[in-house]
Amino acid sequence: MSFFDLETPENNETDNLVWLGHLSPDSDTIGSAIGAAELFGGEPRRAGELNKETAFVMDYCGAPLPKMIEKVEGQKVGLVDFNQKTQLHKIVDNNDIVAIIDHHAIQDQPITFNTAMSVDIRPWGSAATILADRFEKMGKQPSKATACVMLAGILSDTLIFESPTTCAQDKPFAEKLAAYAGIEDLYAFGNAMMEAKSDLADVSTYDVLKGDFKHYEINGKKVGYGVAETLKPQQLIERQAEFLAEMEGEKAKQGLDFIFFAIVDTKNKETHLVIYSGAEAELAGTAYGASAENNWMVLPGLISRKKQLMPVIQEVLSA
């Protein structure tokens with residue numbers, strides 16, 4: 001197989017090329033897969049069902065829903081928005097992977113290769129921001145629908161520029177994408193996305209738990225960490241007993257050493273962390289310097305799993 005080059009896409013072989021994100025497809029994963037396919041060739045794919053926010057985005061932007069990934073002979077896969085084995089769909093073989101575009105740290109269980117690979121990992125607020133930069137540097141403009149879903153990726157991952165993961169590049173690129181997409185008020189669009197994400201009353205407890213759930217392996221310990229970002233935290237806080245029951249099943253099924261579920265109150269900028277058992281209480285207590293009460297730990301000011309919630313867990317388990 002010839003080398004896939006992110007810098008000179010016109011030279012790449014794009015037959016059977018697909019772009020794929022992680023197992024819990026959010027707006028950044030889907031928007032980036034669509035953007036990468038338009039820029040580099042190939043087709044976008046998804047590795048799971050969409051959450052409410054992303055389903056709203058696809059409808060609002062008038063973008064076709066990427067098909068589910070399936071095994072194809074001779075397929076080539078570009079990955080967007082992740083670089084860990086634990087978040088890779090099981091039918092994708094390492095040998096299928098030709099490129100990675102991501103904004104996450106390379107931590108435990110990274111995807112590794114036998115040969116050099118085209119990789120673009122930057123400490124930016126979203127993978128969609130990186131793709132917007134690549135469109136611009138290559139003198140190309142994304143189509144209206146693609147600009148719209150990429151904008152959604154930036155707004156979602158940066159919590160409309162409020163998340164500590166936001167960087168200097170996110171807002172200028174979001175404004176350019178909004179112009180391409182014909183969206184006059186990107187804040188109104190972002191708030192509509194947040195509203196769609198927050199209305200979880202009719203979503204099963206299991207689906208809420210697994211809607212944005214990531215697996216990590218740190219120092220031989222398996223950690224599952226689910227997050228629900230919402231403007232209506234009370235709706236989920238009231239379901240704590242149901243979450244604990246689902247967490248028990250999930251912890252056993254996945255063979256996890258620790259399981260956490262964070263209800264992130266995006267309005268008041270705090271997290272209500274569901275603490276499953278004494279093991280989680282001890283780990284979280286050391287990591288966050290807080291104590292658990294009635295299977296809850298309230299963490300004011302902590303809203304980002306990527307930048308705030310997971311790194312300290314990682315630190316404790318790595319020590």
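Student: Which residue in the turn between β7 and β8 has a positive phi?
Tutor: Strands are DSSP runs of E with at least two residues, helices are runs of H or I with at least four, and both are numbered from the N terminus. β7 and β8 form a hairpin, with two residues between them. The turn residue with a positive phi, about 55°, is Asn-219.

Student: What kind of model is this, and which residues may be used for local features?
Tutor: Residues are numbered from 1 along each chain as its sequence is written, and side-chain values use heavy atoms, without hydrogens and water. Totals for chains, interfaces and linings use all residues, side-chain atom pairs count only at pLDDT 80 or more, and local features need pLDDT of at least 70, for the model is predicted.

Student: In which sense do β7 and β8 pair?
Tutor: Two strands pair if DSSP finds at least two bridges between them. β7 and strand β8 (residues 221–230) share six bridges. Their sense is antiparallel.

Student: Which residue of β8 is the bridge partner of Lys-214?
Tutor: Step along the hairpin. Tyr-216 stands opposite Val-223. His-215 has Gly-224 as its bridge partner. For Lys-214, the partner is Tyr-225.

Student: Where in β9 does Tyr-225 find its opposite residue?
Tutor: β8 and β9 run parallel and are joined by eight bridges. Tyr-225 of β8 stands opposite Phe-260.

Student: Why is one side of β7 and of β11 left without a neighbour in the sheet?
Tutor: The open sheet has five strands, in the order β7-β8-β9-β10-β11, and its pairing is mixed. β7 (213–218) and β11 (296–300) each have a single partner strand, so one side of each lacks a neighbour: they stand at the edges.

Student: By how many degrees are neighbouring strands of this five-strand sheet turned against each other on average?
Tutor: Axes are lines fitted to C-alpha atoms, for helices over the stretch in contact, and angles run from 0 to 180 degrees between N-to-C directions. For this average, direction is ignored. The turn is 25°.

Student: Which helix packs on this sheet?
Tutor: Contact means heavy atoms within 4.5 Å. The helix touches β8, β9 (258–265), β10 (270–275) and β11. Its direction makes about 55° with that of β9. It is α10, residues 278–288.

Student: Is β7 largely enclosed or open?
Tutor: Buried means under 20% relative accessible area, exposed over 50%, and partly exposed lies in between, with a 1.4 Å probe and protein chains only. β8 is mostly covered, with eight of its 10 residues buried. In β7, five of the six residues are buried, so the strand is largely enclosed.

Student: Which strands are the edges of the six-strand sheet?
Tutor: This second open sheet has parallel pairing and the order β3-β2-β1-β4-β5-β6. Inside that order, β1 (residues 17–20) pairs with β2 (residues 43–46) over two bridges. Each edge strand pairs on one side only: β3 (67–68) and β6 (118–121).

Student: At what angle does α1 run to β2?
Tutor: Helix α1 (residues 27–40) packs on the six-strand sheet and touches β1, β2, β4 (76–80) and β5 (97–102). Its direction makes an angle with that of β2 of about 160°.

Student: Which helix lies across β5 and β6?
Tutor: This helix runs at about 105° to β5. It covers residues 127–137 and is α3.

Student: Is Lys-52 buried, partly exposed or exposed?
Tutor: Lys-52 sits in helix α2 (residues 52–61). Not counting residues up to four places away in sequence, Lys-52 touches Ala-196, Asp-199, Asp-202 and Val-203. Its relative accessibility is 30%, so Lys-52 counts as partly exposed.

Student: Which residues does the UniProt annotation "domain: DHHA2" cover?
Tutor: UniProt positions follow the numbering used here, feature names are shortened, and annotations may be inferred rather than shown by experiment. The stretch is 47% helix and 27% strand, with its end C-alpha atoms 35 Å apart. The unreviewed entry gives residues 190–317.

Student: What is the radius of gyration of the protein chain?
Tutor: The chain holds 11 helices and 11 strands. The radius is taken over C-alpha atoms, and the globule rule is 2.2 Å times the number of residues to the power 0.38. For 319 residues the rule gives 20 Å, and the chain comes close to that, so it is as compact as a globular protein of that length: 19 Å.
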